[in-house]
Amino acid sequence: MKHARRLVAGTLAAGALALSLTGCGNSVDPIERLGRKTTEEQQPAPSPAKAAPATSSAATPGDEAYRKWGLSAPLQFAPKPAQKPALAPATPGKAQVVDRIPVPPTDKVVFLTFDDGAEKDPEFLKMAADLKLPISMFLTDNIASSDYGHFERLRDNGSGSTINNHTLTHPNLRTLPFAAQKKEICGQQERLEKRFGTKPTRFRPPYGNYNDDTLKAAAECGITQVVLWRVSMQINNFQYAEGSALKPGDIVLAHFRGRSELKGTTEIQMTTHMLQRIQEQGYRIGRLEDYL
């Protein structure tokens with residue numbers, strides 16, 4: 001029964017951004033449908049992960065980079081932990097669901113994730129490289145594939161960024177039968193492998209919507225973890241699934257979007273606002289893959 005309750009809670013986890021031009025829904029406002037708390041809060045508190053004192057997987061940005069990109073102070077980056085946090089184990093035959101990294105309450109670290117791939121601004125590549133932003137990208141083929149090279153350059157800029165699966169066409173997977181879900185997930189696995197040389201092991205369902213079939217299909221496609229979120233970046237500020245502030249271990253959702261989807265705001269301006277909000281709350285940025 002406990003496992004069943006955890007599974008139900010997991011399927012009701014964070015919802016997603018809805019913007020018509022990127023395949024994310026019909027709203028013209030970047031407002032998240034953020035869902036209920038998920039399973040990890042029902043688990044016993046995991047043992048704290050010990051951080052390595054001197055090493056980090058991300059490169060250090062130049063001393064003046066933060067000023068160039070509108071920040072008032074350098075970004076702070078979390079080092080790679082010596083031991084990865086303990087996550088709730090996956091059910092056999094299903095991908096593991098993660099929506100927050102269970103770090104100690106004093107470890108003020110958050111993780112940057114960007115979805116879809118509609119906007120391909122070369123200036124954003126410069127920003128991400130200058131600031132050494134470790135971004136976990138979740139790409140949708142019919143949106144991102146017009147220039148996969150853009151995201152390859154972002155991956156290869158020395159920041160430790162990664163490319164992950166976000167389906168072929170961005171459907172609401174809960175409305176599809178198992179075979180159709182598997183086609184969406186495995187199809188994108190194959191295209192990403194063909195283009196980038198490896199199959200991802202992490203997947204994000206569009207809108208955060210998934211069910212038991214999704215977890216089974218993902219596992220059969222070679223996915224080990226389904227990555228959700230608790231915080232989404234809007235144009236100027238965060239929207240939270242719970243409370244009114246970041247929490248240690250939060251996975252932050254943003255999108256590759258341009259002026260037409262952000263009411264005249266650029267992708268760079270939106271990202272600057274996001275980084276400012278992270279700094280204002282005293283958080284460091286971690287590389288998600290170092291903790292999973």
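Helices and strands here are DSSP runs, numbered from the N terminus: a helix has at least four residues and a strand at least two. The model you're looking at is a predicted one.

**Exercise 1. Find Thr-162 and describe its surroundings.**

*Solution.*
- Step 1: place it. Thr-162 belongs to strand E4, which covers residues 162-165.
- Step 2: decide whether it is buried or exposed. The cut-off for buried is under 20% relative accessible area. Thr-162 comes in at 14%, so it is buried.
- Step 3: list who it meets. Skipping neighbours within four places in sequence, Thr-162 is in contact with Ile-135, Ser-136, Met-137, Arg-155, Arg-287 and Glu-289.
- Step 4: look at Glu-289 again. Its side chain and that of Thr-162 are joined by a polar contact of 2.6 Å.

**Exercise 2. Get a feel for the chain as a whole: how many helices and strands are there, and what percentage of its residues count as buried?**

*Solution.*
- Step 1: count the elements. You'll find 9 helices and 10 strands.
- Step 2: check burial. The chain has 292 residues, and 55% of them count as buried.
- Step 3: turn to the outside. About 12,200 Å² is exposed, with carbon and sulfur atoms supplying 52% of that.
- Step 4: see how far contacts reach. Take the contacts between residues at least 6 apart in sequence: 74% of these join residues at least 24 apart.

**Exercise 3. Work out which residues of helix H5 are buried and what they pack against.**

*Solution.*
- Step 1: pick out the buried residues. In H5 (residues 148-155) they are Tyr-148, Gly-149, His-150, Phe-151 and Leu-154.
- Step 2: find their partners. These buried residues pack against helix H3 (122-131), strand E3 (135-139), helix H4 (141-144), E4 and helix H6 (178-196).
- Step 3: zoom in on His-150. With a relative accessible area of 1%, His-150 is buried.
- Step 4: list its contacts. Not counting residues up to four places away in sequence, His-150 touches Glu-119, Lys-120, Asp-121, Pro-122 and Leu-125.
- Step 5: compare sequence and space for one of them. Pro-122 is 28 residues from His-150 in sequence, yet their C-alpha atoms are 7.7 Å apart.

**Exercise 4. Check the length of helix H6, then see what it packs against.**

*Solution.*
- Step 1: work out the expected span. The rule is 1.5 Å times one less than the number of residues. For the 19 residues of H6 that should give 27 Å.
- Step 2: compare with the model. The end C-alpha atoms of H6 are 27 Å apart, so the two values agree.
- Step 3: look at the buried side. The buried residues of H6 include Gln-181, Ile-185, Cys-186, Leu-192 and Phe-196.
- Step 4: name the packing partners. The buried residues of H6 pack against E3, H4, H5, E4, E5 and H7.
- Step 5: step just past the end. Gly-197, right after H6, takes a positive phi of about 95 degrees.

**Exercise 5. Which residues have a positive phi although they are not glycines, and where do they sit?**

*Solution.*
- Step 1: take Lys-132. Its phi is positive, at about 55 degrees, and it is found in the loop between H3 and E3.
- Step 2: check its burial. Lys-132 has 19% relative accessibility, so it counts as buried.
- Step 3: take Tyr-207. Its positive phi is about 65 degrees, and it is found in the loop between strand E5 (202-203) and helix H7 (212-220).
- Step 4: check burial here too. At 14% relative accessibility, Tyr-207 counts as buried.

**Exercise 6. Explore the aromatic rings: how many pairs does a search of the whole structure find?**

*Solution.*
- Step 1: count. The search finds 7 aromatic pairs.
- Step 2: classify one. The ring centres of Phe-114 and Phe-256 lie 5.1 Å apart with planes at 40 degrees, so this pair is tilted.
- Step 3: locate it. Phe-114 is in strand E2 (residues 109-116), while Phe-256 is in the loop between strand E9 (251-255) and helix H8 (267-280), 142 residues apart. Both are buried.
- Step 4: try another pair. Tyr-148 and Phe-196 pair edge-to-face, 5.3 Å centre to centre and with 70 degrees between the planes.
- Step 5: say what this pair links. Tyr-148 lies in helix H5 and Phe-196 in helix H6, so the pair ties together parts 48 residues apart in sequence.
- Step 6: add a charge. Arg-195 lies over the face of Phe-196, 5.2 Å from the ring centre.

Note on methods. Residues numbered from 1 in each chain as written. Predicted model: local features only at pLDDT ≥ 70, side-chain atom pairs only at ≥ 80, totals over all residues. Heavy atoms only, no water. Buried < 20%, exposed > 50% of the residue type's maximum accessible area, 1.4 Å probe, protein only. Polar contact = N/O pair within 3.5 Å; in protein donor to acceptor, adjacent residues only side chain to side chain. Contact = heavy atoms within 4.5 Å. Areas by Shrake-Rupley, 256 points an atom, 1.4 Å probe, with all protein chains shown as cover. Phe/Tyr/Trp six-rings, centres within 6.5 Å; stacked < 30°, edge-to-face > 60°. Lys NZ or Arg CZ within 6 Å of the ring centre and 35° of its normal.
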